[in-house]
Amino acid sequence: MTIDEIRDNFSLLEEWDDRYRYVIELGRMLDPLPEAEHSPDNKVQGCVSQVWLSKQVDRSKGEPQLNYLGDSDAHIVRGLIAILLTLYSGHTPKEILATDALKVFDEFGFRDHLTPQRSNGLRAMVERIRTDAREALAAAS
């Protein structure tokens, strides 16, 4: 699924209850995170819920690509992870750093519909991925 497909589906849902259900459904479609990847190194700090992001760097195409799996103990957060991974997973560090995920989430209206704690957790996940991208860029140069 692409971010444009998510954007289109989201625009069809007028009620926030329906939008929340859709986000939860996106989370159910996440590829499972192997139990071994639920490690302290993969845990995202700054989230009220437990969140794990597991990164693999693919260098087979020259410029590295970052691929992610993610998980959370909260259904809505799993959905937010699914949207984030749609934006970022499989992309190069430069593409990741050029993509403003928070702007996309604002476009969807999440700023007004997430608790402050969830918003902080979302920012922590975005910052974690952006930090990975900066580190991958530094390692490639």
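**A predicted chain, question by question**

The chain has six helices and two strands. Helices (H or I, at least four residues) and strands (E, at least two) are DSSP runs, numbered from the N terminus. This is a predicted model, where local features need pLDDT of at least 70, side-chain atom pairs count only at pLDDT 80 or more, and totals for chains, interfaces and linings use all residues. Residues are numbered from 1 along each chain as its sequence is written, and side-chain values use heavy atoms, with hydrogens and water left out.

Biologist: In what order do the elements of the chain run from the N terminus on?

Modeller: There are six helices and two strands to place. Read from the N terminus on, they run α-α-β-β-α-α-α-α.

Biologist: What is the radius of gyration of the chain?

Modeller: The radius is taken over C-alpha atoms, and the globule rule is 2.2 Å times the number of residues to the power 0.38. For 141 residues the rule gives 14 Å, and the chain comes close to that, so it is as compact as a globular protein of that length. Its radius of gyration is 15 Å.

Biologist: Which element supplies the largest share of the largest nonpolar core?

Modeller: A nonpolar core is a set of buried Ala, Val, Leu, Ile, Met, Phe, Trp, Tyr and Cys residues joined through side-chain atoms within 4.5 Å. The largest one has 39 residues, and Ile 83, Phe 110 and Met 125 have the most contacts inside it. Among the elements that each supply at least two residues are strand 1 (51-58), strand 2 (65-72) and helix 6 (116-140). The largest share, 10 residues, comes from helix 3.

Biologist: Which residues does Met 125 touch, not counting those up to four places away in sequence?

Modeller: Contact means heavy atoms within 4.5 Å. By that test, Met 125 touches Val 44, Cys 47, Val 51, Leu 53, Val 77, Ile 81 and Leu 84.

Biologist: Is Val 48 buried or exposed?

Modeller: Val 48 is found in the loop between helix 2 and strand 1. Buried means under 20% relative accessible area, exposed over 50%, partly exposed in between (1.4 Å probe, protein chains only). At 64% relative accessibility, Val 48 counts as exposed.

Biologist: How many Å apart in space are Val 48 and Gln 117, C-alpha to C-alpha?

Modeller: In sequence, Val 48 and Gln 117 are 69 residues apart. In space, C-alpha to C-alpha, the two are separated by 6.4 Å.

Biologist: Which residues does Arg 111 contact, leaving aside neighbours within four places in sequence?

Modeller: Arg 111 sits in the loop between helix 5 and helix 6. Its relative accessibility is 60%, so Arg 111 counts as exposed. Its contacts are Phe 105 and Asp 106.
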